[in-house]
Amino acid sequence: MPDRTLFSERLSEAMARAGLKQADLIHSASQRGKKLGKSQVSQYVSGKTVPRRNVVALLADILAVDEDWLADGAAMPAAHAPATPAAHAPAAQPAPAARATARSVAAATPASSQQATSQRSTPMRQFTKSAKLDNVLYDVRGPVADEAARMEDEGLRILKLNIGNPAPFGFRTPDEVVTDMRQQLPECEGYSDSKGLFSARKAIMQYAQLKHIPNVSMDGIYTGNGVSELIQLCMNALLDTGDEILIPSPDYPLWTACATLAGGTPVHYVCDEEAEWNPDLADLESKITSNTKAIVIINPNNPTGAVYPRDVLEQIVEIARKHQLMIFSDEIYDRLCMDGIKHISIASLAPDLPCVTFSGLSKSHMIAGYRIGWMILSGNKRCMRDFIYGINMLSNMRLCSNVPAQSIVQTALGGYQSVERYVEPGGRIYEQREYVYKALNEIPGITAVKPKAAFYIFPKMDVERFNITDDEQFALDLLHEKRILITRGGGFNWNKPDHFRIVYLPRMEVLREALTDLADFFAHYRQA
């Protein structure tokens, strides 16, 4: 297996010599009947992973370099060095008869025909993606998902355990929510205030009060097309080139992607599997520098299902207070806690710090497609006045979020909460979690920490037992053999090839079939 840093350096050098960008590699591979994903190539160039030998051979062929040099650090053979034209070699001249023939043909050819020929012979320039995207990854829908889509196009049935999308698995939106949206549609034809409808923000403010979040006002609440839009908006408003932001590992990869795209530098602190996936606070604090501007927490956590206890949250607040950092808290799963656990918003413990809390209805009300989320600014707003100015500017630029979805926030947050039945003993999510946790831990070589919330589990593989060095290849092998689509651990910015995420939303009979197939796969699997 090539060294990641060395391979990245050699690949970049070869691309520069050949004058090729990442998009050119993908296009050239396609011309050879091969497939390279955008995320794959980006990871190779950035040094996050190295390809298998057959992909190294393909890249070497495209770049016209020696395969061993690219893979193993061998010296570049002379035969593969870039050719340098002789400085004084005279250009070949056409014979007199040939020149005369060319003149006579040109004279006989109409000018319009000559122009058309010239236009056809000039290749169209290539429009490549922005270099800002070179290190932006989102493997939840990455190369393995692309391969699954290709297999589906061939008529194969794929069991998708890769995305937390409740609707395809039979979870329905509460009837009252659908009815209210239908009745309000005629009133939702125009733009709303850029921050959102008054009724929606009022309901969100009251929800924040129930969560004991301090210093919340109507002008500090913003609705968005899901939490995803608001995360991107915040990163663009906060980060300059060189600014650092602390993000958990494993993370929900949108955080890292948005911070990178905004020009910032994501710095990952470790969540400790041995401590029920709670943040390693010593590791977190050790990574703070003078460039650090904020801490991100994802609580309840995706992909681990961890829910952070009060004492851990209080220690994070103390670290943020000591180093004068903002806190961003992604709490989209706060109503999906199990085992009697009560979720605590970290903002409720930090009245003196600038905090931004994210939540929404996508998961709790099974309406991911409606795209309705929100963020709440709280605590010390004086020190983030300029950040708020940036938030307002970007919020105004997108005009407003989805108005029909905003119209049902008040209904959804008030009254009966059907999600509570799903997560109590006997409820569908609770029972499916119990089954998947037990079934995974019964597979030799697989261990998993029991999730406390959401609908994900993040099992660990014994990489020595299964000889796993590349988790993307593992995911592809599982997809090809059992037609099960999962997300590899590296897709959540976990730096070892020993984890993967399973979504336990499918009905029990489907999960039983999937876990039986998974056990059969691991019974004989050894990565080549």
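Phe-521 and Tyr-525 are both buried. In this predicted model, the two rings have their centres 4.5 Å apart and their planes at 25°, so the pair counts as stacked. Phe-521 and Tyr-525 also belong to one aromatic cluster, together with Phe-466, Phe-474, Phe-500 and Phe-522.

Tyr-525 has a polar partner as well: its side chain is joined to that of Gln-527 by a polar contact of 3.1 Å. Gln-527 itself lies in the segment after α22 (508-524). With a relative accessible area of 2%, Gln-527 is buried, because anything under 20% falls in that class. Its side chain also reaches the backbone nitrogen of Thr-469, again at 3.1 Å. Setting aside neighbours within four places in sequence, Gln-527 is in contact with a run of residues that includes Phe-466, Asn-467, Ile-468, Thr-469 and Asp-470. Gln-473, Phe-474, Asp-477 and Arg-52 are among its contacts too. Two of these partners, Phe-466 and Phe-474, turn up again in the aromatic cluster.

Aromatic pairs come up elsewhere too, with 19 of them in the structure. Trp-277 and Trp-494 make one that is edge-to-face, at 5.4 Å centre to centre and with 75° between the planes. This pair links distant parts of the chain, as the two residues are 217 residues apart. Trp-277 sits in the loop between β4 (265-272) and β5 (278-279), while Trp-494 sits in the loop between β14 (487-488) and β15 (500-503). Both Trp-277 and Trp-494 are buried.

Rings also take part in another kind of arrangement, this time with arginines. The charged end of Arg-428 sits over the ring of Phe-171, 3.9 Å from its centre. Arg-433 does likewise with Tyr-430, its charged end being 4.9 Å from the ring centre.

Turning to the nonpolar interior, the largest core has 80 residues, and Met-235 and Phe-328 touch the most other members. Helix α11 (residues 226-238) supplies the largest share of this core, with 7 residues. Met-235 and Phe-328 are also in contact with each other. Beyond its neighbours within four places in sequence, Met-235 further contacts Ile-245, Trp-255, Cys-258, Ala-259 and Ala-262. A second, separate core of 54 residues has Ala-200, Ile-204, Ile-288 and Ile-372 among its members. As a general rule, nonpolar side chains in soluble globular proteins tend to be buried together.

What about the cysteines? The structure holds 0 disulfides. For Cys-234, the nearest cysteine sulfur is that of Cys-258, 9.9 Å away, and Cys-234 is in no disulfide. Since a disulfide needs the sulfur atoms within 2.5 Å, a gap of 9.9 Å rules that pair out. Cys-234 is buried, with a relative accessible area of 0%. Cys-355 is likewise in no disulfide, the nearest cysteine sulfur being that of Cys-383 at 9.4 Å. Cys-355 is buried as well, at a relative accessible area of 1%.

One last residue to look at is Asn-380, found in the loop between β9 (373-379) and α15 (385-397). At 19% relative accessibility Asn-380 still counts as buried, because the cut-off is under 20%. The side chain of Asn-380 reaches the backbone nitrogen of Arg-382 at 3.1 Å. Not counting residues up to four places away in sequence, Asn-380 touches Pro-351, Asp-352, Leu-353 and Pro-354.

Conventions
Residues are numbered from 1 along each chain as its sequence is written. This is a predicted model: local features need pLDDT of at least 70, side-chain atom pairs count only at pLDDT 80 or more; totals for chains, interfaces and linings use all residues. Side-chain values use heavy atoms; hydrogens and water are left out. A nonpolar core is a set of buried Ala, Val, Leu, Ile, Met, Phe, Trp, Tyr and Cys residues joined through side-chain atoms within 4.5 Å. Buried means under 20% relative accessible area, exposed over 50%, partly exposed in between (1.4 Å probe, protein chains only). Helices (H or I, at least four residues) and strands (E, at least two) are DSSP runs, numbered from the N terminus. Contact means heavy atoms within 4.5 Å. A polar contact is a pair of N or O atoms within 3.5 Å; within protein, one must be able to donate a hydrogen and the other to accept it, and residues adjacent in sequence count only if both atoms are side-chain atoms. Rings of Phe, Tyr and Trp (its six-membered ring) pair if their centres lie within 6.5 Å; planes under 30 degrees apart count as stacked, over 60 as edge-to-face and the rest as tilted. A charge sits over a ring if NZ of Lys or CZ of Arg is within 6 Å of the ring centre and within 35 degrees of the ring normal.
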